[in-house]
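Biologist: Can you walk me through this one? I'd like to start with the charged side chains and then move on.

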Amino acid sequence: MIIGILTVCFTSPKSKEPICPFLLVSQTQDWVPVADRKLPIALCDFNNDNHLDIIVTERGNNEMHIFLGYGDGKFSKNPTTSIACSSLPYSIAVGDFNNDSWLDIAVANHNHNNIGIFLGYDNGTFAIEKIHSTGASRPLALSVHDFNDDKQLDIVVANGGTNNIGILLGYGNGTFANQITFSTGFDSFPHAIVVADFNNDNRLDIAVANAGTNNIGVFLGNGNGTFSNQTTYPAGSYPVSLAVGDFNKDGRMDIVVSNSNDHNVCILLGNDNGMFTSQGIYATGFGSYPSSVAVRDFNKDDRLDIIIAHSGSNNLGFFVGHGDGTFEKQRLYPIAIGVPQMIVADDLNNDTWTDVVVAVDNAFNIAVFLGGPDKNLTNLKTYSTGGNAYTMSVAVGDFNNDARLDIVEANYGKDDIGVFLGDGDGNFGMKIKYSTGSGSQPYFVTVGDFNNDTRLDIVVANYGTNNIGVFLGKGDGNFFNQTVYSTGSGSQPNSVAIGDFNNDTRQDIVVANYGTNSVGIFLGKDNGTFSNQTTYTTDDYPIFVTVGDLNKDDRLD
């Protein structure tokens, strides 16, 4: 498992102090990898413990996976439940379809042209899939609501193949009537849907992103499960996702839509009669291809904000709302572990701050960002580690003895470590680069004084060349070239830690050897050199190591 910590700081337009809504708390290879793109994901409480769980679909294996939440923002490392689908699942929605107080699942089966229903049992399992045909429709998205006010959940589906939306009215026993369709227009290719009351008549309405005709279609509800003909509003090129909220605090629902091919989002402000006015367009960056959008008040200033997953530029875009329907310029926050596809937001750890879950197209397929205040940080500043650096680890220490903390980071993709000297005010100098050797793929870095000269030194685990590298510090922020110590053929060291294991007042090194299922000990000498490695066998694939006196015998373990 790899744990990454990313702090992102936002400043509210009204607040006098900065707000940090996101902390990347877990990215783990133990979770099932999902190979395909635009990964459907949802948050809900499947086991009735009042903790939100995650459900994500895996198109390559036609499966869904449920990760149970612990209520503190953490989730089970492996899926608690895996559910086989009959076809390629493009979208999921969750609700209690048979009124038994247990959540059920609806899936849009794109290739088989139907909606699949999985009824949940009280033991956390699900019944075999029941199929409801949608014709030759190629369903792309669905949502669950009560459209005819009979207290039973119904389904709306966006049918990309037949250019319409379909309404399946629920009977309350887990079954549904045949769909009633409403046209979205020739070649409209409806791609996403959202449900809200747009004209304040207490009846649910529907908005759909028509990717083929570059517009938003609005269907006003009659309250009996039927809808008016579509009214369209121009969007950008290839709208693929939309969300709703009251952006200007006038009591009317507004719409934000992400336009994939135009690399922007546009805002439609709602009027009393269910009509909309185009308010503005906000660029998300060339090549960003925004794929999913969510709306929440992330910084608790009572103004709605927007967060977007950019599948083309591997980052999240955040727009702070002013409360008048306008937004600040986008702030970008990179996701180095893969391509973000779908984004959902809710309070995962019951601390009243909105958190974010992102489905990532990579072996790390779920990223969780916890929200919360941090009054000690100022506006985020970023420092380049180089293109395609794939920074895997960071450590801090005072490298130039100026009583100010500096940063060292390991760049897996660049075969180097970078040192950033601190100014003492939260700012840092440019990167000073030190090579770890061709193909070294440095994975983890930490610091210590290895030669007892009161100057900090650096040790790095070089995954690609099966060694550790030691950089002795000069005390002025510069370092000597690395000295390497072999960790053994195929060892693939993942992590290092420092401690005095033989009580000789010299710092020693322990390394987790992922490839040879061992930990290795390097005993330190007075001059900053180390003995050859002594290994101890572990369980399979150790990836992290730390030290401490676990049995209180005054000896490090």
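Modeller: What follows covers salt bridges, a sheet, a buried acid and the cysteines, all in a predicted model.

Biologist: How many salt bridges are there in the structure?

Modeller: The structure holds eight. One of the pairs is lysine 249 with aspartate 302, at 3.0 Å from N to O.

Biologist: Where in the chain do those two sit?

Modeller: Lysine 249 is in the loop between E19 and strand E20 (254–259), and aspartate 302 is in the loop between strand E23 (290–296) and strand E24 (305–310). The two residues are 53 apart, so the pair links distant parts of the chain.

Biologist: Are they buried or exposed?

Modeller: Lysine 249 is partly exposed at 49% relative accessibility. Aspartate 302 counts as exposed, at 54%, because the cut-off for exposed is over 50%.

Biologist: Which residues are linked in a network of salt bridges?

Modeller: Asp250, Arg252 and Asp272. Arginine 252 meets aspartate 272 at 2.9 Å, N to O, and its closest N and O atoms with aspartate 250 are 3.7 Å apart.

Biologist: What does the pair of aspartate 272 and arginine 252 tie together?

Modeller: Aspartate 272 lies in the loop between E21 and E22 and arginine 252 in the loop between E19 and E20, so parts 20 residues apart in sequence are tied together. As for accessibility, arginine 252 is partly exposed at 24%, aspartate 250 is partly exposed at 30%, and aspartate 272 is partly exposed at 45%.

Biologist: Those loops belong to a sheet. What is the strand order?

Modeller: The order is E19-E20-E21-E22, an open sheet of four strands with antiparallel pairing. Strand E19 (239–245) and strand E22 (276–283) each have a single partner strand, so one side of each lacks a neighbour in the sheet. From one strand to the next the twist averages 20°.

Biologist: How many bridges join E21 to E22?

Modeller: Seven, with E21 spanning residues 264–270. Leucine 268 stands opposite serine 278 in E22.

Biologist: New topic. What is the nearest side chain of opposite charge to aspartate 457?

Modeller: Arginine 455, at 7.9 Å. Aspartate 457 is buried and has no salt bridge, because a salt bridge needs the nitrogen within 4 Å of a carboxyl oxygen. The side chain of aspartate 457 does reach the backbone nitrogen of glycine 473, at 2.6 Å. Aspartate 457 is in strand E35 (residues 457–462).

Biologist: And how many disulfides?

Modeller: Zero, from a search of the whole structure. Cysteine 44 is buried at 8% relative accessible area, and cysteine 266 is buried at 5%.

Conventions. Residues are numbered from 1 along each chain as its sequence is written. This is a predicted model: local features need pLDDT of at least 70, side-chain atom pairs count only at pLDDT 80 or more; totals for chains, interfaces and linings use all residues. Side-chain values use heavy atoms; hydrogens and water are left out. A disulfide is a pair of cysteine sulfur atoms within 2.5 Å. Buried means under 20% relative accessible area, exposed over 50%, partly exposed in between (1.4 Å probe, protein chains only). Two strands pair if DSSP finds at least two bridges between them. Axes are lines fitted to C-alpha atoms, for helices over the stretch in contact, and angles run from 0 to 180 degrees between N-to-C directions. Lys and Arg count as positive and Asp and Glu as negative; His and the chain ends are not counted. A polar contact is a pair of N or O atoms within 3.5 Å; within protein, one must be able to donate a hydrogen and the other to accept it, and residues adjacent in sequence count only if both atoms are side-chain atoms.
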